[in-house]
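Me: I would like a close look at one part of this model. Please take me through the aromatic rings and what surrounds them, in short steps.

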Amino acid sequence: MTTRPLHHRENRQHPRPAPLTRAAFVSAPLCILAYGAIRLGDPGHGPGPAWTVGHIALLAGVLQFALVFPALRRMTGPATAAGRASAGAGALLGLAGTLAVVAQAAIDLVVGLSAADRPEMNRLFDEVQSHPGVLPAVYTVGPMLFYVGLVWLLVQLAVRHRVGAWRPALVVLGTAVMAASLDLMPLGALLFTVALFPRDLPLFRPVTAPHLPDRPADHPLG
């Protein structure tokens, strides 16, 4: 009987992700950073090219998290039933939050294209938010699930020593920064970019090596 090399077994357990998924870990937060930067250049926050381009960038960035959350769930690797359930719950929360943020960005985009000035935008926003359930689902509770899911998955990965604790810490800090002021969104998005940078993430490590170094977690500098 022949025994397959170890790296063959690793290939079955950790298939290499699509290049698009790897790219999403960088481009998703960078698109959000672009939105924040464009927003700073539009002090009136009213209808116009800056509002439209900024929200297209936001929409593009958030949509890519539909690739990021499932990838983070896969990074948890073999686990107990409770661990798999936890990772699945975190991914579902994150995807639900992604849907809420996408809905909010789409509404903002349509309102900006429909209104002639900021007062008319405010009137249209009031109309949209007056419908039952829209405010919590799209503007308050729903978007928070995005951040909860992201922190949840990264904390679980850190607890299992699959990523460094600095990654979830940076996401928490970035979330707090953006919650403090939307004007700080570029800084918060930059922290997200560093936290999600794919270097040394479990899903993107080489899978053909016969032995992986026995270290507790990745680290930010190499």
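Reply: Start with Phe 192. This is a predicted model, and in it Phe 192 counts as buried, because its relative accessibility is 2% and the cut-off for buried is under 20%.

Now find its ring partner. The rings of Phe 192 and Tyr 147 have their centres 6.3 Å apart. Their planes stand at 70°, so this pair is edge-to-face. Tyr 147 sits in helix H7 and Phe 192 in helix H9. They are 45 residues apart, so the pair links distant parts of the chain. Tyr 147 has a relative accessible area of 21%, so it is partly exposed.

Move on to another pair. Phe 69 and Phe 146 have ring centres 5.6 Å apart. Their planes meet at 90°, so this pair is edge-to-face too. Phe 69 belongs to helix H4 and Phe 146 to helix H7, 77 residues apart in the chain. Phe 69 is buried, with a relative accessible area of 0%. Phe 146 is buried as well, at 3%.

Step back to the group. Ring pairs link Phe 65, Phe 69, Phe 146, Tyr 147 and Phe 192 into a cluster. The count for the model comes to six aromatic pairs.

Next, follow Phe 69 and Phe 65 into the packing of their helix. H4 and H5 pack at an angle of about 170°. Their axes lie 9 Å apart. Angles over 145 degrees count as roughly antiparallel, so H4 and H5 are roughly antiparallel to each other. On the H4 side, the contact is made by Phe 65, Ala 66, Phe 69, Pro 70 and Arg 73. On the H5 side, the residues are Ala 87, Gly 88, Ala 91, Gly 94, Leu 95 and Thr 98. By class, seven of the contact residues are nonpolar, three are polar and one is charged.

Last, look at the core. The largest nonpolar core has 40 residues. Phe 65 is among those with the most contacts inside it, and so are Phe 25, Ile 32 and Leu 72. Helices that give two or more residues to this core include H2 (19-40), H4 (65-75), H7 (134-159) and H9 (185-196). Apart from it lies another core, of nine residues, among them Met 121 and Phe 125.

Ile 32 ties back to the rings. Leaving aside neighbours within four places in sequence, Ile 32 is in contact with Phe 65. Its other contacts of this kind are Leu 58, Val 62, Met 185 and Ala 189.

Terms used
Residues are numbered from 1 along each chain as its sequence is written. This is a predicted model: local features need pLDDT of at least 70, side-chain atom pairs count only at pLDDT 80 or more; totals for chains, interfaces and linings use all residues. Side-chain values use heavy atoms; hydrogens and water are left out. A nonpolar core is a set of buried Ala, Val, Leu, Ile, Met, Phe, Trp, Tyr and Cys residues joined through side-chain atoms within 4.5 Å. Buried means under 20% relative accessible area, exposed over 50%, partly exposed in between (1.4 Å probe, protein chains only). Helices (H or I, at least four residues) and strands (E, at least two) are DSSP runs, numbered from the N terminus. Contact means heavy atoms within 4.5 Å. Axes are lines fitted to C-alpha atoms, for helices over the stretch in contact, and angles run from 0 to 180 degrees between N-to-C directions. Angles under 35 degrees count as roughly parallel, over 145 as roughly antiparallel, 65 to 115 as roughly perpendicular and the rest as oblique. Ala, Val, Leu, Ile, Met, Phe, Trp, Tyr, Cys and Pro count as nonpolar, Asp, Glu, Lys and Arg as charged, and the others, Gly among them, as polar. Rings of Phe, Tyr and Trp (its six-membered ring) pair if their centres lie within 6.5 Å; planes under 30 degrees apart count as stacked, over 60 as edge-to-face and the rest as tilted.
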